[in-house]
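Hi,

Here is the structure I promised to pass on. Have a look at it first, then read my notes below.

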Amino acid sequence: MWFRYCVAAMALAVSMNCTSFAASNKPIKIVVSASTHEPYLFEDGDHGLTIDLLLAMNNVQSDFRFVLKRIPAKRVFQSIEQNWTDIVMWDNPVWGWKLKHNIMISHPLNAEKDRFIALKSSTRQQDYFDDFSGKRIVLVNGYHYQFREKDNDKWFEDPQYLPIFVKTELAALKMLITERGDIAVVSESTLNWFVYSNPDNKNKLLTSERYDREYERYFIVPQKAQISSAQVNAILETLSELKILNELYAKYGLNAPTY
C-alpha cells in the first residue's frame, strides 16, 4: 500500500505542475469542512469515510496537507465567508450557495437519494407517505428537502406541519425506532449503514419507493482557496486509478465513484 502511495505521489506532483512545494519544501495546509453525517463522519469526529479519504489524499501527494474541521451543516457558508475553512466536503452547489461565493466543484464524490422512512406496521403501506399532515416529520437541522421547499408555506403556517429537528440522519432513524417520530427523510448511504450496523432493525423499517430528491455530493472549492478544483480532481483520479477509492468506500458499504 505504501509503495503505491509513493509512486502515485511522484506521478501526481508532475501532473499537477505545482511549484509551491518545490519552492517552500512545505505543503500548503487546506482546511476542509464537513458535518456529522454517518458513515461519512461519525459523531465522535474520529472516524468515517471523510477521515479515511483525507488521509489517503495526503498520502498520495506532498503539495497539500488536508486537515478536517467539523462544522455544523447550518454554518457551512459562514465557515467559508469568514475563512474558518478553505473548502467544503460532501456538499452540492444548489444547496444555498450564492454567486457571491464564487465556487468551483470537484468530480462527484458519490450519487445519492433521500428516502422517506417510517416504522412498519400491519396498516402501513406506501400511501402512508402521501400525506404528512398530523405526522411528526424528523429532519436534520440545516439540510435542504425538496418536498418541503415545494410547499413551504404550510411548514411555517400550519402547526400540523411543524417538523422535529435533530442533528444527524442517524439520530432521525433512532427517533423512529424509539417511536418519537413518524417519518424521517434519510439518505440511502446512511440508511444502508444503519441497517448494516443494526441488523435487528432491518425488518422494522418501511422505506418509500419514491424519493425526495436525487443528487451528487462534491468538494466545494471557492476560487479564493489555495487549491483549485482541477488539483483536487487530480488527487481523486490518482486514488481511483490505484483502486484506493474502492477500498475506502467498500469499508462503509458504499460504491466508489469512477473517474
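Leaving aside its neighbours within four places in sequence, which residues is T50 in contact with? Keep in mind as you look that this is a predicted model, not an experimental one. The residues to find are A34, Y40, L41, L68, M89 and W90. T50 itself belongs to helix α3, which covers residues 49-59. Is T50 buried or exposed? Its relative accessible area is 0%, and buried means under 20%, so T50 is buried. One of its partners deserves a second look: the side chains of T50 and W90 make a polar contact at 2.7 Å.

Stay on helix α3 for a moment, since D52 sits there too. D52 has 17% relative accessibility and therefore also counts as buried, the limit being under 20%. Which side chains does the side chain of D52 meet in polar contacts? There is K251, at 3.1 Å, and there is Y252, at 2.7 Å. If you skip residues up to four places away in sequence, D52 touches L248, K251 and Y252.

Now for how α3 sits against another helix. The axes of α3 and helix α9 (residues 229-241) come within 10 Å, and they cross at roughly 95 degrees. An angle of 65 to 115 degrees counts as roughly perpendicular, so that is how α3 and α9 lie to each other. On the α3 side the contact is made by L53, A56 and M57, and on the α9 side by V232, I235, L236 and L239. Sorted by class, this contact has 7 nonpolar residues, no polar ones and no charged ones. A general point may help when you turn the helices around on screen: an α-helix has 3.6 residues a turn, so residues three or four places apart point the same way.

Helix α8 (residues 188-197) is another one to click on. Its buried residues include S189, T190, L191, W193 and F194. What do the buried residues of α8 pack against? They pack against strands and a helix: β5 (110-119), α7 (169-177), β8 (183-187) and β9 (205-222).

Two strand residues are worth a stop as well. S33 is in strand β1, residues 28-34, and at 2% relative accessibility S33 counts as buried. Not counting residues up to four places away in sequence, S33 touches K69, I71, V76, S79, T85, I87, V88 and M89. Take S79 from that list: S33 and S79 are 46 residues apart along the chain, yet their C-alpha atoms are separated by 7.7 Å.

I105 lies in strand β4, residues 103-105. With a relative accessible area of 33%, I105 is partly exposed. Its contacts, again without residues up to four places away in sequence, are P93, Y218, F219, I220 and S229. I105 and N233 are 128 residues apart in sequence, but 9.2 Å apart in space from C-alpha to C-alpha.

Finally, the overall picture. The protein chain has 10 helices and 9 strands. Of its 259 residues, 49% are buried. Among contacts between residues at least 6 apart in sequence, 76% join residues at least 24 apart. The accessible surface comes to about 13200 Å², and 50% of it belongs to carbon and sulfur atoms.

Have fun with it!

Technical notes
Residues are numbered from 1 along each chain as its sequence is written. This is a predicted model: local features need pLDDT of at least 70, side-chain atom pairs count only at pLDDT 80 or more; totals for chains, interfaces and linings use all residues. Side-chain values use heavy atoms; hydrogens and water are left out. Helices (H or I, at least four residues) and strands (E, at least two) are DSSP runs, numbered from the N terminus. Buried means under 20% relative accessible area, exposed over 50%, partly exposed in between (1.4 Å probe, protein chains only). A polar contact is a pair of N or O atoms within 3.5 Å; within protein, one must be able to donate a hydrogen and the other to accept it, and residues adjacent in sequence count only if both atoms are side-chain atoms. Contact means heavy atoms within 4.5 Å. Axes are lines fitted to C-alpha atoms, for helices over the stretch in contact, and angles run from 0 to 180 degrees between N-to-C directions. Angles under 35 degrees count as roughly parallel, over 145 as roughly antiparallel, 65 to 115 as roughly perpendicular and the rest as oblique. Ala, Val, Leu, Ile, Met, Phe, Trp, Tyr, Cys and Pro count as nonpolar, Asp, Glu, Lys and Arg as charged, and the others, Gly among them, as polar. Accessible areas come from the Shrake-Rupley method with a 1.4 Å probe; for residues, only the protein chains shown count as cover.
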